[in-house]
Amino acid sequence: MIRKIIPLAIAMVLVNLVFPWWGFTLLAVSSAWLCNSLKDSMLISVRASLLSWVPLLIYIYFSGGHILFNRVSTMMGLPYPFLLILGSGILVALLGALAGFCGFYLKEIKHGN
Amino acid sequence: MHPIIKAGVGLVTLISLILVLNKPIGNIPPLGKFLSPFTGYAALLNSDELPTGELNFDALTEPVEVVWDTLRIPHIFANNEHDLFFVQGYVMAFDRLWQMEFQAHAAGGRLSEIVGEKAIGYDQFQRRIGMVYGAKNTLAVLEKDTELYPNLLAFTAGINAYINSLSPTQYPLEYKILDYSPEAWTPLKTCILLKSMAWMLTGRSTDLAYTRIANDFGMDTLEELFPIFPKEYDPIIPRNTPFNFEPIELKSPRNLYQSTTDASQYLPQPPEAIGSNNWAISGNRSKSGNPILSNDPHLGLNLPSIWYMMHLNCPNLNVMGVTIAGSPGIILGFNDNISWGATNGYDDVMDWYDITFKDSTQSEYRYKNKWHSTRKVIEEIKIKGQPTIYDTVTYTHHGPVVWDHLNQTPALGKSQVRHGVRQTAEGRALRWLAHDASNELRSLYFVNKAENYFQFVDALETYTCPGQNFVYADVNGNIAIWHSGNQPAKWDGQGMLIMDGNDPVYDWQATIPHEQKPHILNPKRGFVSSANQHVTDEDYPYFLSSFFWMSYRGAQINRQLDKLKSANVDDMKQLQFDITNGKARNVLPVLLNILFPEKLSDDANQWLSTMKAWDYQNSKLSKEASFFNTWRKQLEYETWADEFGHGDDQYLWPYFNQLDEMIRFQPASKWFDNTTTAKKETLVDICYTAFNQTVTEINKLDSTQMEWQNFQGTDILHIAKIPGMGRVDLQTSGGVDIINATRLREGPSWRLVIEMDDNLQPFGIYPGGQSGYPGSVHYDDYVNDWVNEKFYELPFGNTANDIEGSHLLYK
């Protein structure tokens, strides 16, 4: 599965550099074609989506972004910046899961199941 | 369930979620866009990083070098003014784009476009006071100014070059939080910002409050409690200075018009601590023999800071200091030859006129007992996410009719009420000097270039509004103060109350000629100073205002300067941090003498001993300052609340200097009597009551909370009040009517001390940082040093090589 997740996450990053913020969901939908089950489809797209956002957020935080993260987390009523990253992870995972779900059943329709 | 249905349900949910996350909800930013590391806040990492190497612009005619010093002050070296102002605009936008745009939107009554319907009332008010009307009048003058307008256009082009260089992911943080985009800058926006500054500094209109008191208590009471000249004041132009000129003859009314007041509208007032200090000492009072100038304007404290430090250099111009984001040139600062600073003048340049319309269409109004046509302006107020609304504002020759029916601006709400000032439902027009076609930028431009006193004075001639006390010092040893502004020449008391819009005798009849404005050059006493107090004594032939700040700060400055015989820059810095509480020094000896220990509880006796030992210093750790502040407010309440009300329906209470004089000289004043009791109270009764209440209040606090730094403290909030973007709970000293006038939300917004040696020695600081990006260390890196009462030595020179820092070439 890891062989599928990493390329997918990289593709999501590239798409996000060009498309609007939700561009990664298009790839998450299409990830279903890499899987045979609903569970796999959702897991792959959730993990790839998480991988496309969270490590980057952590990197930015430790590369001088801590002041900004602190201010933004205070603005959003969060006591710690890591909760901001956690919240972002939950959001991207939720979207990834939904996209994986849609992708799987779109594939089912296409295959006439 | 069939896969088509499952896929359909999934897709609808996914798309709906994306749509929801793509838009802000209430105060929550569009979460999807905002949290994404590719498009949101995190994409701004290092966006404050200074560019290196070279940047290319078609608009530049010659290369421009910018040096960013260690304080992140840009020093711009150009070969001509066009290039200089282009790069000034570009650099300013680089650091402060969102701030300047937001402030221009807010001042121009366009906040609803950004934050939605909650700002409609605010926008409507900004439109109705004629903020943009005044800005357009000024722009019309600027467009004809062949020397200045090209510079303003270059400055505008520089800002737009920066805006155009940004992709949406690079938009400053606040755009992402509030979900909107920058639009092109225009010269009009610069004019609007300057008018907004004028509102902040001249908007403390007391006409409505005084009229209400005159109507309900009589003119005698008004004159007794709000005297134009109190018993004790220390004017800017020293007493008995002769005014050797023939004043303009003015017609005044035989019987003063009496307006009605009190219905249901409110006049928002700028904060009470808008004031400032400035002074200059001559060479015979300084150790080195050079004049030294000092200035600290007190304004609302925000992040990003109102001021931005810059150094501008091109042939015939080498100037450094601060300007407001969005305005070209330097507003307060110094050049090779002169330095200048300002305090607010507090001239009454905002008057209100009752208007009688012929009928409800407001097409005609009565003036000189004849009907005259009005002008109607339809204001289009766009609202984020909602249909646009329109508001018709009627203009007379006096100015716009701010309110013409009940609940005109309901969104202003009660939080904006000050002193129960209310408007009537009848038409009432606003005459405001800032509406006039004026050219303050021209004044500042020539002040920036001035080489001597005469050029400085000439430059001030076109300065109109807001009126300022400009302090001046130069390398030739001169010091001066000019009370500048295009003030109307008024008969005694004109505009103190609401006036008759029909009778031309109430119109502004003339302007005070420039040479007749109060000023002083090289006075014998060896110093000049101002702190928003009365400008002159009663001998000055024109009425300037019915409101000036009490002389506590001014008198203390003069007292301290008078002691200095061989001062240096450090002495001047130290004086800016003087925390002597003048109010306490005046009244405490009397009040503490009234209190007999045997009549007080043990707790109260402890405080009595503490207060008797106090040195009147509002230091950070002082508990006495907290006690006195509470006691003072309680005394005011006990004295005035019975007659003048309190809370939402409160009349304007007399200023503290009135109570101060009553305590010291009129202990039997009728105002000490509490009219709600049968007993006749005196100062003694009020003193005991207020003291005991203060003891109860203060003793509820723990020892740390009692300390002045925590009791008052200072919060520097974000301009748009976005949580987390400000600095709060700063432990400061000082207070209102104290030289170091640091308060909860206001304080010294810029500090400058400069010795006018041939080799200039400038020192400055402001409570903020150069960058407007909240993720930058330079967003608030001056704040701690400002709190800790430090100054920075400001690098200055004639060439780029004189400045140490990061060099960047614009071509």
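In this predicted model, B:Lys376 faces B:Thr394, a residue of strand E16 of chain B. The two residues belong to a pairing of strand E15 (residues 375-383) with strand E16 (residues 386-395) of chain B, which runs in the antiparallel sense and is held over eight bridges. Two residues separate E15(B) from E16(B) in what is a hairpin, and in its turn B:Gly385 adopts a positive phi of about 75°.

**Chain A and its confidence**

Chain A is built from four helices and zero strands, so that its pattern, read along the sequence, is α-α-α-α by the DSSP assignment. The mean pLDDT of chain A is 89, and 96% of its residues score at least 70. Within chain A, the lowest mean pLDDT among the elements, 86, belongs to helix H1 (residues 2-18), while the highest, 93, belongs to helix H3 (residues 38-75). The C-alpha trace of chain A extends over about 50 × 25 × 25 Å along its principal axes, and 49% of its 113 residues count as buried. Among the contacts in chain A with a separation of 6 or more, 70% join residues that are 24 or more positions apart.

**The interface of chain A and chain B**

The size of an interface is often given as the accessible area lost when the parts come together. For chain A and chain B this buried area is about 3300 Å², with carbon and sulfur atoms giving 81%. Chain A contributes 37 residues to the contact and chain B contributes 40 residues. The rule finds one salt bridge across this interface, and it is formed by B:Asp780 and A:Arg71, whose closest N and O atoms are 2.9 Å apart.

**Salt bridges**

Side chains of opposite charge can pair when their charged atoms come close. Over all chains, the count by this rule comes to 29 salt bridges. Four of the pairs are set out below.

| Pair | Closest N to O distance |
|---|---|
| B:Asp780 and A:Arg71 | 2.9 Å |
| B:Lys189 and B:Glu101 | 3.3 Å |
| B:Glu364 and B:Lys358 | 3.6 Å |
| B:Arg751 and B:Asp296 | 3.9 Å |

The side chains of B:Lys189 and B:Glu101 meet at 3.3 Å, N to O. Because B:Lys189 lies in helix H9 of chain B and B:Glu101 in helix H3 of chain B, this pair ties together parts that are 88 residues apart in sequence. B:Lys189 counts as buried because its relative accessibility, 6%, falls under the 20% limit, and B:Glu101 is likewise buried, with a relative accessible area of 0%. Both residues also take part in a network of salt bridges that links B:Glu101, B:Arg110, B:Glu113, B:Glu183 and B:Lys189.

The salt bridge of B:Arg751 with B:Asp296 has its closest N and O atoms 3.9 Å apart. This pair links distant parts of the chain, with B:Arg751 in strand E30 (residues 751-755) of chain B and B:Asp296 in strand E6 (residues 292-300) of chain B, 455 residues apart. B:Arg751 and B:Asp296 are both buried.

In the salt bridge of B:Glu364 with B:Lys358, B:Glu364 is partly exposed, with a relative accessible area of 26%, and B:Lys358 counts as partly exposed at 46% relative accessibility.

**Two covered helices of chain B**

Helix H7 (residues 149-165) of chain B has 17 residues and reaches 24 Å from its first C-alpha to its last, close to the 24 Å expected at 1.5 Å a residue. Of these 17 residues, 12 are buried, and H7(B) is therefore largely enclosed by the rest of the structure. The buried residues of H7(B) include B:Tyr149, B:Leu152, B:Phe155, B:Ile159, B:Tyr162 and B:Ile163. They pack against helices H3 (81-107), H6 (131-143), H9 (187-202) and H12 (440-449) of chain B.

Helix H19 (residues 656-665) of chain B is mostly covered as well, with eight of its 10 residues buried. Among them are the charged-type residues B:Asp660 and B:Glu661, together with B:Phe656, B:Leu659, B:Met662 and B:Ile663. The cover over the buried residues of H19(B) includes helices H11 (219-225), H14 (552-563), H16 (582-594), H18 (624-644) and H20 (683-698) of chain B.

Notes. Residues are numbered from 1 along each chain as its sequence is written. Chains are lettered from A and ligands numbered from 1 in the order in which they are written. This is a predicted model: local features need pLDDT of at least 70, side-chain atom pairs count only at pLDDT 80 or more; totals for chains, interfaces and linings use all residues. Side-chain values use heavy atoms; hydrogens and water are left out. Two strands pair if DSSP finds at least two bridges between them. pLDDT is the predictor's confidence in each residue, from 0 to 100. The expected span of a helix is 1.5 Å times one less than its number of residues. Buried means under 20% relative accessible area, exposed over 50%, partly exposed in between (1.4 Å probe, protein chains only). Contact means heavy atoms within 4.5 Å. Buried area is the accessible area (1.4 Å probe) that two parts lose on being put together, summed over both. A salt bridge is a side-chain nitrogen of Lys or Arg within 4 Å of a carboxyl oxygen of Asp or Glu.
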